[in-house]
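Hi,

Here is the structure I promised to pass on. Have a look at it first, and then read my notes below.

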Amino acid sequence: MDFHAPHLVEDFQGVLQVFSDGSVRRSATFPFHIPVHDDSAAVVWKDCLFHNHHNLHLRLYKPAVSPAKSKSNLPILYFFHGGGFCVGSRTWPNCHNCCLRLASGLGAVVVAPDFRLAPEHRLPAAVEDAASSLKWLQAQALSEDCEEWLSEGVDFGRVFVMGDSSGGNMAHQVALQMAAGWLEVKPVRVRGFVLMAPFFGGTVRTKSEEGPSETFLNLEHLDRFWRLSIPEGGTADHPLANPFGPTSPSLEPLKLSPILVVVGGNELLKDRAEQYAKRLKEMGKEIEYVEFKEEEHGFFLNDPYSEVANELLLVIKHFITQKSY
């Protein structure tokens, strides 16, 4: 027996395995049985390279009806997928179905970028890639030879950024960068942000984190994702994890764009999402908090054609309409 052979130290449902020598094994198999929805009559899609150096792609979705036949140019909605910064892809069935539904239900062009994943690429890699994907959109807006699907019928002045779970955290980080003037994307104008059950953390447990566990998520998952994604030596109070941690910069001076926070009432992350909205509201920020009482994590992502998903689409559509003018 080779006592020096690498042994397994972290395992997320076989999709992500980390070994004692630091090596990582990823499975291409999606961990849940979610069929791909055929919405080709309503939405068309294609992939584009947006970051040459890191070989990162994004997926564009647009309503099948020609923009020329629409009453006005379509808004653009960015969607950052979840997965604890460690797993997930624009190609996963749940993400793909979600973006199909967002494009058809909101009448928007949806942009779903991939980003580097931890632990191979710890934070802030994912946030850097999110910013790069928006710089790509800026380049399209400024180019005379831009991506064909963005050459007409879209409104670069009505862009919204949405993220689910860790993607919601990324949307928050992008909002901070823009408010601080670190990320400039003119003539693109980001009008607002939609944070779906944003994955925030902290060393002190919240009541909702203490359980009960959800169907697809438990406290062990949350802790593992933070262990694997936070910069080496950091804790769940790191500024990239906890917006109100002991070393996190104050958000009070920032002029943040409007934010919509959505969470399920039975989510482990509910209390952190609610506290986030409450704290920003107390600072005078323009923020709206909507809770779907009986829902768990991923209720829209994993079933975007359900009745409750339709209700959520109405909430998002109202937010987009309100903040577009």
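Let me start with a cysteine: Cys 48 is buried, at a relative accessible area of 9% (buried is under 20% relative accessible area, exposed is over 50% and partly exposed is in between, using a 1.4 Å probe and protein chains only). Before the rest, some housekeeping: this is a predicted model, where local features need pLDDT of at least 70, side-chain atom pairs count only at pLDDT 80 or more, and totals for chains, interfaces and linings use all residues. Residues are numbered from 1 along each chain as its sequence is written, and side-chain values use heavy atoms, with hydrogens and water left out.

Back to the cysteines. How many disulfides are there? With a disulfide taken as a pair of cysteine sulfur atoms within 2.5 Å, the count is zero. Cys 48 is in none, as its nearest cysteine sulfur belongs to Cys 146 and is 11 Å away. Cys 98 has its closest cysteine sulfur in Cys 99, but 5.2 Å is too far for a bond. Cys 98 is also buried, at 0% relative accessibility.

On to the rings. I get ten aromatic pairs, where rings of Phe, Tyr and Trp (its six-membered ring) pair if their centres lie within 6.5 Å, and planes under 30 degrees apart are stacked, over 60 edge-to-face and the rest tilted. Phe 199 and Trp 226 make a stacked pair, with 4.0 Å between centres and 20° between planes. Phe 199 sits in the loop between β9 (190–196) and α4, while Trp 226 is in helix α4, so this pair ties together parts 27 residues apart in sequence. (Helices, H or I and at least four residues, and strands, E and at least two, are DSSP runs numbered from the N terminus.) Both rings are tucked away: Phe 199 is buried at 1% and Trp 226 is buried at 7%.

A tilted example is Phe 244 with Tyr 276, whose ring centres are 6.3 Å apart with planes at 50°. That pair links distant parts of the chain, with Phe 244 in the loop between α4 and β10 and Tyr 276 in helix α5 (residues 270–282), 32 residues apart. Tyr 276 is buried at 1%, whereas Phe 244 is partly exposed at 23%. Phe 244 has another partner too: the charged end of Arg 279 sits over its ring, 4.2 Å from the centre (the rule is NZ of Lys or CZ of Arg within 6 Å of the ring centre and within 35 degrees of the ring normal).

Finally, the charges. There are 18 salt bridges, each a side-chain nitrogen of Lys or Arg within 4 Å of a carboxyl oxygen of Asp or Glu. One of them joins Arg 224 and Glu 10, with the closest N and O atoms 3.0 Å apart. Arg 224 is in helix α4 and Glu 10 in strand β1 (residues 8–12), so the bridge ties together parts 214 residues apart in sequence. Which is it for these two, buried or exposed? Both Arg 224 and Glu 10 are buried.

Another bridge is Arg 116 to Asp 129, at 2.9 Å from N to O. Arg 116 is in the loop between β7 (109–113) and α2 (125–142), and Asp 129 is in helix α2, 13 residues apart. Arg 116 is buried at 15%, and Asp 129 is buried at 1%. There is also a network in which salt bridges sharing partners join Glu 10, Glu 220, Arg 224 and Arg 227.

Cheers
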